[in-house]
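Me: Take me through one part of this model closely, please, and then work outwards from there. I'd like the backbone oddities as well as the packing, all in one go.

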Amino acid sequence: MNRTLVRLLADREAELRNRYGIAFRVTGIASRSLGWIADRAGFDVTTLCGAGAPAREKSEPDSKFISKTTPQNVREWLASAQADVLFEATSLNVKDGQPAIDHIRAALEHGAHAITANKGPIVHAYRELRDLAAARGKRFLFESTVMDGVPIFSLFDQMPTIHLQGFHGILNSTTNVILGEMEQGLSFDEALKKAQALGVAETDATHDIDGWDAAVKTAALITVLMGLNEMGSNENDVPIRLEDIEREGIRDLTPQALRNARRDGWPFKLVCRAKREGNGIKASVAPEKVLATSPMGKVTGTSSYIYFETDIFPGLAVTEENPGLYATAYGLLTDFVRAVGG
Ligand SMILES: NC(=O)c1ccc[n+]([C@@H]2O[C@H](COP(=O)([O-])OP(=O)(O)OC[C@H]3O[C@@H](n4cnc5c(N)ncnc54)[C@H](OP(=O)(O)O)[C@@H]3O)[C@@H](O)[C@H]2O)c1
(Lines give C-alpha, C1' and ligand atoms only; values in the text may rest on other atoms or scores of the structure.)
Protein backbone atom coordinates (compact mmCIF):
# COMPACT_ATOMS: atom_id res chain seq x y z
CA MET A 1 0.00 0.00 0.00
CA ASN A 2 2.69 2.46 0.99
CA ARG A 3 4.60 1.73 -2.23
CA THR A 4 1.49 2.83 -4.15
CA LEU A 5 1.31 5.89 -1.90
CA VAL A 6 4.90 6.82 -2.78
CA ARG A 7 4.01 6.56 -6.49
CA LEU A 8 0.98 8.79 -5.97
CA LEU A 9 2.98 11.31 -3.93
CA ALA A 10 5.65 11.38 -6.66
CA ASP A 11 2.93 11.90 -9.26
CA ARG A 12 1.35 14.79 -7.28
CA GLU A 13 4.62 16.27 -5.95
CA ALA A 14 4.50 19.51 -7.99
CA GLU A 15 0.82 20.07 -7.24
CA LEU A 16 1.34 19.47 -3.51
CA ARG A 17 4.22 21.97 -3.49
CA ASN A 18 2.72 24.66 -5.71
CA ARG A 19 -0.89 24.53 -4.65
CA TYR A 20 -0.74 23.36 -1.04
CA GLY A 21 2.78 24.46 -0.03
CA ILE A 22 3.70 20.92 0.99
CA ALA A 23 7.15 19.48 0.29
CA PHE A 24 8.14 16.03 1.51
CA ARG A 25 11.00 13.56 1.78
CA VAL A 26 10.69 9.86 2.49
CA THR A 27 13.19 9.37 5.32
CA GLY A 28 12.20 5.98 6.67
CA ILE A 29 10.70 2.76 5.37
CA ALA A 30 9.88 -0.47 7.14
CA SER A 31 8.43 -3.91 6.60
CA ARG A 32 9.02 -7.35 8.08
CA SER A 33 11.18 -8.45 5.14
CA LEU A 34 13.03 -5.13 4.58
CA GLY A 35 13.64 -4.32 8.24
CA TRP A 36 13.50 -0.80 9.64
CA ILE A 37 15.55 1.64 7.57
CA ALA A 38 16.04 5.36 8.08
CA ASP A 39 17.90 7.98 6.08
CA ARG A 40 17.19 11.56 7.02
CA ALA A 41 18.70 12.70 3.68
CA GLY A 42 15.72 11.01 2.02
CA PHE A 43 15.40 7.95 -0.17
CA ASP A 44 15.29 8.13 -3.92
CA VAL A 45 11.57 8.03 -4.64
CA THR A 46 12.00 6.45 -8.10
CA THR A 47 13.82 3.52 -6.53
CA LEU A 48 11.17 3.20 -3.84
CA CYS A 49 8.48 3.05 -6.52
CA GLY A 50 10.19 0.00 -8.00
CA ALA A 51 9.92 -3.53 -6.74
CA GLY A 52 13.23 -3.87 -4.94
CA ALA A 53 14.76 -2.70 -1.68
CA PRO A 54 15.71 1.00 -1.48
CA ALA A 55 19.04 2.27 -2.69
CA ARG A 56 21.23 2.98 0.33
CA GLU A 57 24.33 4.45 -1.38
CA LYS A 58 23.33 7.99 -0.56
CA SER A 59 22.95 7.31 3.18
CA GLU A 60 24.51 9.81 5.55
CA PRO A 61 27.05 8.53 8.08
CA ASP A 62 24.51 8.78 10.90
CA SER A 63 21.78 6.98 9.00
CA LYS A 64 20.59 3.90 10.78
CA PHE A 65 19.53 0.46 9.78
CA ILE A 66 17.52 -1.27 12.45
CA SER A 67 16.65 -4.83 11.67
CA LYS A 68 14.50 -6.02 14.57
CA THR A 69 10.98 -4.86 15.37
CA THR A 70 10.47 -3.94 18.99
CA PRO A 71 8.60 -0.94 20.39
CA GLN A 72 11.98 0.51 21.43
CA ASN A 73 13.62 0.38 18.00
CA VAL A 74 10.45 1.65 16.29
CA ARG A 75 11.08 4.78 18.37
CA GLU A 76 14.77 4.82 17.35
CA TRP A 77 13.73 4.44 13.73
CA LEU A 78 11.30 7.38 13.98
CA ALA A 79 13.99 9.50 15.63
CA SER A 80 16.61 8.52 13.02
CA ALA A 81 14.21 9.37 10.23
CA GLN A 82 13.26 12.64 11.99
CA ALA A 83 9.72 11.66 11.08
CA ASP A 84 7.01 14.30 10.91
CA VAL A 85 4.41 11.86 9.59
CA LEU A 86 4.02 8.07 9.86
CA PHE A 87 2.00 6.14 7.27
CA GLU A 88 1.01 2.86 8.95
CA ALA A 89 -0.10 0.15 6.51
CA THR A 90 0.67 -3.18 8.12
CA SER A 91 -1.71 -6.11 7.72
CA LEU A 92 -4.99 -6.22 9.65
CA ASN A 93 -4.84 -7.99 12.99
CA VAL A 94 -8.47 -8.60 13.89
CA LYS A 95 -7.73 -9.91 17.40
CA ASP A 96 -5.96 -6.94 19.00
CA GLY A 97 -4.90 -4.47 16.28
CA GLN A 98 -1.20 -5.01 16.95
CA PRO A 99 1.55 -4.15 16.10
CA ALA A 100 -0.12 -1.21 14.32
CA ILE A 101 -1.31 0.30 17.62
CA ASP A 102 2.27 0.29 18.97
CA HIS A 103 3.55 1.89 15.75
CA ILE A 104 0.95 4.67 15.89
CA ARG A 105 1.44 5.26 19.61
CA ALA A 106 5.23 5.50 19.06
CA ALA A 107 4.75 7.99 16.21
CA LEU A 108 2.45 10.26 18.23
CA GLU A 109 4.76 10.12 21.26
CA HIS A 110 7.69 10.95 18.96
CA GLY A 111 5.76 14.03 17.77
CA ALA A 112 4.67 12.85 14.33
CA HIS A 113 1.20 12.78 12.81
CA ALA A 114 -0.05 9.19 12.43
CA ILE A 115 -2.00 8.16 9.33
CA THR A 116 -3.22 4.60 8.89
CA ALA A 117 -4.97 2.39 6.35
CA ASN A 118 -5.23 -0.29 9.01
CA LYS A 119 -8.65 -0.69 10.65
CA GLY A 120 -7.40 -2.65 13.67
CA PRO A 121 -6.25 0.40 15.68
CA ILE A 122 -9.64 2.12 15.22
CA VAL A 123 -11.53 -0.82 16.63
CA HIS A 124 -9.11 -1.66 19.44
CA ALA A 125 -7.58 1.68 20.48
CA TYR A 126 -9.50 4.57 18.93
CA ARG A 127 -10.08 6.55 22.12
CA GLU A 128 -6.53 6.18 23.38
CA LEU A 129 -4.92 7.17 20.08
CA ARG A 130 -7.35 10.04 19.44
CA ASP A 131 -6.70 11.45 22.92
CA LEU A 132 -2.93 10.94 22.64
CA ALA A 133 -2.90 12.78 19.29
CA ALA A 134 -4.90 15.66 20.80
CA ALA A 135 -2.57 15.85 23.81
CA ARG A 136 0.47 16.04 21.50
CA GLY A 137 -1.12 18.50 19.09
CA LYS A 138 -0.87 15.94 16.25
CA ARG A 139 -3.40 14.27 13.98
CA PHE A 140 -4.47 10.63 14.04
CA LEU A 141 -6.21 10.07 10.69
CA PHE A 142 -7.59 6.95 9.03
CA GLU A 143 -9.70 7.94 6.00
CA SER A 144 -8.59 4.97 3.87
CA THR A 145 -9.70 2.32 6.37
CA VAL A 146 -13.29 2.21 5.03
CA MET A 147 -14.24 2.50 1.33
CA ASP A 148 -10.61 3.09 0.34
CA GLY A 149 -9.98 6.81 -0.10
CA VAL A 150 -13.61 7.97 -0.24
CA PRO A 151 -14.02 10.73 2.40
CA ILE A 152 -16.49 8.88 4.62
CA PHE A 153 -15.15 10.02 7.99
CA SER A 154 -14.41 13.57 6.75
CA LEU A 155 -17.95 13.77 5.36
CA PHE A 156 -19.15 13.87 8.96
CA ASP A 157 -16.59 16.58 9.80
CA GLN A 158 -18.61 18.70 7.36
CA MET A 159 -21.90 17.98 9.18
CA PRO A 160 -21.58 19.41 12.71
CA THR A 161 -24.15 18.24 15.31
CA ILE A 162 -25.72 15.73 12.94
CA HIS A 163 -26.78 12.46 14.56
CA LEU A 164 -26.17 9.22 12.76
CA GLN A 165 -28.98 6.74 13.53
CA GLY A 166 -27.76 3.85 11.43
CA PHE A 167 -26.26 2.70 8.17
CA HIS A 168 -26.16 -0.24 5.79
CA GLY A 169 -23.95 -1.06 2.88
CA ILE A 170 -21.48 -3.28 1.05
CA LEU A 171 -17.99 -2.63 2.38
CA ASN A 172 -15.92 -5.69 1.52
CA SER A 173 -14.68 -5.88 -2.07
CA THR A 174 -13.20 -9.38 -1.89
CA THR A 175 -16.49 -11.08 -1.07
CA ASN A 176 -18.31 -8.93 -3.63
CA VAL A 177 -15.86 -10.05 -6.33
CA ILE A 178 -16.12 -13.70 -5.22
CA LEU A 179 -19.95 -13.71 -5.18
CA GLY A 180 -20.11 -12.09 -8.63
CA GLU A 181 -17.57 -14.48 -10.15
CA MET A 182 -19.28 -17.55 -8.64
CA GLU A 183 -22.59 -16.40 -10.15
CA GLN A 184 -20.78 -16.46 -13.50
CA GLY A 185 -19.63 -20.06 -12.97
CA LEU A 186 -16.21 -19.85 -11.30
CA SER A 187 -15.48 -22.11 -8.33
CA PHE A 188 -14.93 -20.53 -4.92
CA ASP A 189 -11.12 -21.01 -5.19
CA GLU A 190 -10.95 -19.55 -8.71
CA ALA A 191 -13.04 -16.56 -7.64
CA LEU A 192 -10.83 -15.97 -4.59
CA LYS A 193 -7.72 -16.06 -6.80
CA LYS A 194 -9.32 -13.40 -9.00
CA ALA A 195 -9.92 -11.14 -5.97
CA GLN A 196 -6.34 -11.71 -4.82
CA ALA A 197 -5.01 -10.83 -8.28
CA LEU A 198 -6.92 -7.54 -8.08
CA GLY A 199 -5.02 -6.73 -4.84
CA VAL A 200 -8.18 -6.22 -2.78
CA ALA A 201 -8.01 -9.35 -0.62
CA GLU A 202 -6.65 -9.13 2.92
CA THR A 203 -3.27 -10.81 3.51
CA ASP A 204 -5.24 -13.50 5.35
CA ALA A 205 -8.23 -13.95 3.02
CA THR A 206 -10.27 -15.73 5.70
CA HIS A 207 -10.66 -12.24 7.19
CA ASP A 208 -12.73 -11.36 4.12
CA ILE A 209 -14.53 -14.66 3.59
CA ASP A 210 -15.68 -15.07 7.19
CA GLY A 211 -16.90 -11.47 7.38
CA TRP A 212 -14.18 -10.19 9.77
CA ASP A 213 -13.03 -7.36 7.49
CA ALA A 214 -16.63 -6.17 7.02
CA ALA A 215 -17.28 -6.47 10.77
CA VAL A 216 -14.14 -4.47 11.60
CA LYS A 217 -15.21 -1.75 9.13
CA THR A 218 -18.70 -1.72 10.66
CA ALA A 219 -17.20 -1.43 14.15
CA ALA A 220 -14.85 1.35 12.98
CA LEU A 221 -17.75 3.38 11.56
CA ILE A 222 -19.82 2.89 14.71
CA THR A 223 -16.89 3.73 16.99
CA VAL A 224 -15.98 6.95 15.21
CA LEU A 225 -19.33 8.18 13.88
CA MET A 226 -21.86 6.91 16.43
CA GLY A 227 -19.70 7.18 19.52
CA LEU A 228 -20.88 10.45 21.00
CA ASN A 229 -24.00 10.48 23.11
CA GLU A 230 -26.87 12.83 22.36
CA MET A 231 -25.25 15.68 24.32
CA GLY A 232 -21.98 15.33 22.46
CA SER A 233 -20.22 14.03 25.57
CA ASN A 234 -17.18 11.82 25.15
CA GLU A 235 -18.24 9.62 28.04
CA ASN A 236 -19.01 6.00 27.25
CA ASP A 237 -18.05 6.63 23.67
CA VAL A 238 -17.13 3.09 22.72
CA PRO A 239 -20.64 1.85 22.03
CA ILE A 240 -19.77 -1.53 20.49
CA ARG A 241 -17.16 -4.26 20.65
CA LEU A 242 -16.20 -6.36 17.64
CA GLU A 243 -17.64 -9.48 19.27
CA ASP A 244 -21.02 -7.71 19.67
CA ILE A 245 -21.45 -7.60 15.89
CA GLU A 246 -23.41 -10.58 14.59
CA ARG A 247 -21.18 -12.01 11.89
CA GLU A 248 -21.73 -14.55 9.13
CA GLY A 249 -19.43 -14.90 6.12
CA ILE A 250 -20.00 -16.27 2.62
CA ARG A 251 -18.49 -19.76 3.10
CA ASP A 252 -21.81 -21.61 3.11
CA LEU A 253 -23.17 -20.08 -0.12
CA THR A 254 -23.04 -22.71 -2.87
CA PRO A 255 -22.52 -21.81 -6.56
CA GLN A 256 -25.98 -23.22 -7.26
CA ALA A 257 -27.65 -21.00 -4.61
CA LEU A 258 -25.82 -17.96 -5.97
CA ARG A 259 -26.79 -18.66 -9.59
CA ASN A 260 -30.44 -19.30 -8.61
CA ALA A 261 -30.60 -16.08 -6.59
CA ARG A 262 -29.17 -14.06 -9.48
CA ARG A 263 -31.56 -15.73 -11.94
CA ASP A 264 -34.50 -14.78 -9.68
CA GLY A 265 -33.36 -11.14 -9.62
CA TRP A 266 -32.36 -11.22 -5.92
CA PRO A 267 -28.55 -11.77 -5.83
CA PHE A 268 -26.68 -12.38 -2.57
CA LYS A 269 -24.49 -9.60 -1.15
CA LEU A 270 -22.51 -9.44 2.09
CA VAL A 271 -24.35 -6.62 3.84
CA CYS A 272 -23.17 -4.59 6.86
CA ARG A 273 -25.85 -3.07 9.07
CA ALA A 274 -25.90 -0.86 12.18
CA LYS A 275 -28.86 0.74 13.94
CA ARG A 276 -29.40 2.57 17.21
CA GLU A 277 -31.67 0.58 19.52
CA GLY A 278 -32.44 2.11 22.91
CA ASN A 279 -29.11 3.10 24.46
CA GLY A 280 -27.13 0.69 22.33
CA ILE A 281 -26.37 -0.16 18.73
CA LYS A 282 -27.31 -3.39 16.98
CA ALA A 283 -24.97 -4.38 14.17
CA SER A 284 -24.52 -7.30 11.83
CA VAL A 285 -22.63 -8.59 8.83
CA ALA A 286 -24.37 -11.32 6.84
CA PRO A 287 -25.19 -12.46 3.31
CA GLU A 288 -28.57 -11.11 2.24
CA LYS A 289 -30.63 -11.38 -0.92
CA VAL A 290 -31.08 -7.88 -2.35
CA LEU A 291 -33.18 -6.72 -5.29
CA ALA A 292 -30.92 -6.71 -8.40
CA THR A 293 -32.17 -3.28 -9.44
CA SER A 294 -31.69 -1.71 -5.97
CA PRO A 295 -28.57 0.38 -5.17
CA MET A 296 -26.98 -2.57 -3.31
CA GLY A 297 -27.95 -4.97 -6.08
CA LYS A 298 -26.02 -2.84 -8.57
CA VAL A 299 -22.78 -2.92 -6.57
CA THR A 300 -20.48 -5.16 -8.60
CA GLY A 301 -16.80 -6.12 -8.53
CA THR A 302 -14.62 -3.99 -6.28
CA SER A 303 -17.27 -1.29 -5.92
CA SER A 304 -18.76 -0.45 -2.54
CA TYR A 305 -21.76 1.39 -1.17
CA ILE A 306 -23.00 2.94 2.04
CA TYR A 307 -26.36 4.45 3.03
CA PHE A 308 -26.43 6.63 6.15
CA GLU A 309 -29.60 7.43 8.11
CA THR A 310 -29.26 10.74 9.96
CA ASP A 311 -31.63 13.04 11.85
CA ILE A 312 -31.21 15.77 9.21
CA PHE A 313 -30.80 13.77 5.99
CA PRO A 314 -33.06 10.70 6.29
CA GLY A 315 -31.01 8.96 3.60
CA LEU A 316 -27.53 9.87 2.39
CA ALA A 317 -25.77 7.36 0.14
CA VAL A 318 -22.27 7.10 -1.29
CA THR A 319 -21.27 4.68 -4.05
CA GLU A 320 -17.67 4.03 -4.99
CA GLU A 321 -17.44 2.47 -8.43
CA ASN A 322 -14.56 0.22 -9.43
CA PRO A 323 -11.74 1.80 -7.40
CA GLY A 324 -8.26 1.24 -8.77
CA LEU A 325 -4.96 0.73 -6.97
CA TYR A 326 -4.61 4.41 -6.17
CA ALA A 327 -7.92 4.72 -4.32
CA THR A 328 -6.69 3.62 -0.89
CA ALA A 329 -3.39 5.46 -1.33
CA TYR A 330 -5.42 8.56 -2.15
CA GLY A 331 -7.08 8.36 1.27
CA LEU A 332 -3.60 8.40 2.82
CA LEU A 333 -2.69 11.39 0.66
CA THR A 334 -5.79 13.35 1.67
CA ASP A 335 -5.02 12.64 5.34
CA PHE A 336 -1.46 13.85 4.72
CA VAL A 337 -2.72 17.13 3.29
CA ARG A 338 -5.15 17.55 6.21
CA ALA A 339 -2.39 16.84 8.72
CA VAL A 340 0.38 19.04 7.37
CA GLY A 341 -1.41 21.42 5.03
CA GLY A 342 -2.33 23.88 7.80
N1 LIG B 1 -5.48 -3.36 -0.36
C2 LIG B 1 -6.58 -2.64 -0.19
O3 LIG B 1 -7.38 -2.48 -1.09
C4 LIG B 1 -6.84 -1.96 1.15
C5 LIG B 1 -7.88 -1.04 1.25
C6 LIG B 1 -8.10 -0.37 2.47
C7 LIG B 1 -7.31 -0.67 3.55
N8 LIG B 1 -6.31 -1.61 3.45
C9 LIG B 1 -5.49 -1.91 4.64
O10 LIG B 1 -4.17 -1.44 4.40
C11 LIG B 1 -3.24 -2.29 5.09
C12 LIG B 1 -2.20 -2.77 4.09
O13 LIG B 1 -2.86 -3.48 3.07
P14 LIG B 1 -2.03 -4.16 1.89
O15 LIG B 1 -3.02 -4.68 0.94
O16 LIG B 1 -0.95 -3.25 1.43
O17 LIG B 1 -1.38 -5.38 2.70
P18 LIG B 1 -0.05 -6.19 2.35
O19 LIG B 1 0.19 -6.17 0.88
O20 LIG B 1 -0.19 -7.48 3.06
O21 LIG B 1 1.09 -5.33 3.02
C22 LIG B 1 1.25 -5.33 4.40
C23 LIG B 1 2.63 -4.72 4.65
O24 LIG B 1 2.81 -4.63 6.05
C25 LIG B 1 4.07 -5.20 6.37
N26 LIG B 1 3.96 -5.77 7.72
C27 LIG B 1 3.05 -6.65 8.15
N28 LIG B 1 3.26 -6.90 9.48
C29 LIG B 1 4.34 -6.15 9.83
C30 LIG B 1 5.06 -5.97 11.04
N31 LIG B 1 4.71 -6.64 12.14
N32 LIG B 1 6.10 -5.13 11.05
C33 LIG B 1 6.46 -4.48 9.93
N34 LIG B 1 5.83 -4.59 8.75
C35 LIG B 1 4.77 -5.44 8.71
C36 LIG B 1 4.33 -6.26 5.33
O37 LIG B 1 5.71 -6.46 5.25
P38 LIG B 1 6.35 -7.75 4.52
O39 LIG B 1 5.72 -7.82 3.17
O40 LIG B 1 7.79 -7.42 4.48
O41 LIG B 1 6.00 -8.91 5.37
C42 LIG B 1 3.77 -5.55 4.08
O43 LIG B 1 4.73 -4.68 3.54
C44 LIG B 1 -4.06 -3.41 5.75
O45 LIG B 1 -4.28 -3.09 7.10
C46 LIG B 1 -5.37 -3.38 4.96
O47 LIG B 1 -6.46 -3.83 5.75
C48 LIG B 1 -6.05 -2.24 2.27
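Reply: A word on labels before anything else: helices here are DSSP runs of H or I with at least four residues, strands are runs of E with at least two, and the numbering starts at the N terminus. With that in hand, Q82 can be placed in the loop between α4 (71–81) and β4. Keep in mind that this is a predicted model. Q82 earns an early mention because its phi is positive, about 50°, although it is not a glycine. That's worth flagging, since most residues other than glycine have a negative phi. As for burial, Q82 counts as partly exposed, because it has 14 C-beta neighbours inside 10 Å.

Carry on along the chain and the next loop, between β4 (85–88) and α5, holds P99. The bond joining Q98 and P99 is a cis peptide, with omega about 0°. As background, most peptide bonds are trans.

Now for the part I'd look at most closely, helix α6. The helix covers residues 120–136 and has a kink of about 90°, centred on Y126. How is Y126 placed, buried or exposed? Y126 is one of the buried residues of α6. The others on that list are G120, P121, I122, V123, H124, A125, L129, R130 and A133. So the list includes a charged residue, R130, by the usual sorting that puts Arg with Asp, Glu and Lys. The buried residues of α6 pack against two helices, α5 (100–110) and α11 (212–225), and two strands, β5 (113–116) and β6 (140–141). After the helix comes G137, with a positive phi near 70°.

Of those partners, α11 is the one to zoom in on. The axes of α6 and α11 come within 8 Å and cross at roughly 25°. That makes the two helices roughly parallel, because angles under 35 degrees count that way. The crossing is left-handed. Which residues of α6 meet α11? They are I122, V123 and Y126, so the residue at the centre of the kink is also part of this contact. On the α11 side, the residues are V216, A219, A220, T223 and V224. Sorted by class, the contact has seven nonpolar residues, one polar and no charged. The helix geometry helps when you read the numbering: an α-helix has 3.6 residues a turn, so residues three or four places apart point the same way.

Two other helix pairs make handy comparisons. Take α1 (residues 2–11) and α13 (residues 326–340), whose axes come within 9 Å and cross at roughly 70°. That makes α1 roughly perpendicular to α13. Their crossing is right-handed. T4, L5, L8 and L9 of α1 meet Y326, A329, Y330, L332 and L333 of α13. By class, that comes to eight nonpolar residues, one polar and no charged.

The second pair is α8 (residues 173–183) with α9 (residues 188–197), which pack at about 135° with their axes 8 Å apart. They are therefore oblique to each other, and they cross right-handed. T174, V177, I178, E181 and M182 supply the α8 side of the contact, while F188, A191, L192, K194 and A195 supply the α9 side. This contact does include charge: seven residues are nonpolar, one is polar and two are charged.

E181 deserves a second look here. Why does E181, a residue of helix α8, count as buried? Because 21 other C-beta atoms lie within 10 Å, and the cut-off for buried is 20 or more. Leaving out residues up to four places away in sequence, E181 touches L186, A191 and K194. E181 also sits 8.6 Å from G301, C-alpha to C-alpha, though 120 residues separate the two in sequence.

One last stop is the loop between α7 (152–157) and β7 (164–170), where T161 lies. Like Q82, T161 has a positive phi without being a glycine, here about 65°. T161 is exposed, because just 8 other C-beta atoms fall within 10 Å. H163 lies in that loop too, and is partly exposed, with 16 other C-beta atoms within 10 Å. H163 touches T310 and D311, not counting residues up to four places away in sequence. M226 is 63 residues from H163 in sequence, yet the two are 7.7 Å apart, C-alpha to C-alpha.

Note on methods
Residues numbered from 1 in each chain as written. Predicted model: local features only at pLDDT ≥ 70, side-chain atom pairs only at ≥ 80, totals over all residues. Bend = angle between axes of the 7 residues up to and from the residue. Buried ≥ 20, exposed ≤ 12 C-beta atoms within 10 Å, placed from the backbone. Contact = placed C-beta atoms within 7 Å. Axes fitted to C-alpha atoms, helices over the stretch in contact; angles between N-to-C directions. Parallel < 35°, antiparallel > 145°, perpendicular 65-115°, else oblique. Left-handed = near helix turned anticlockwise from the far one by under 90°.
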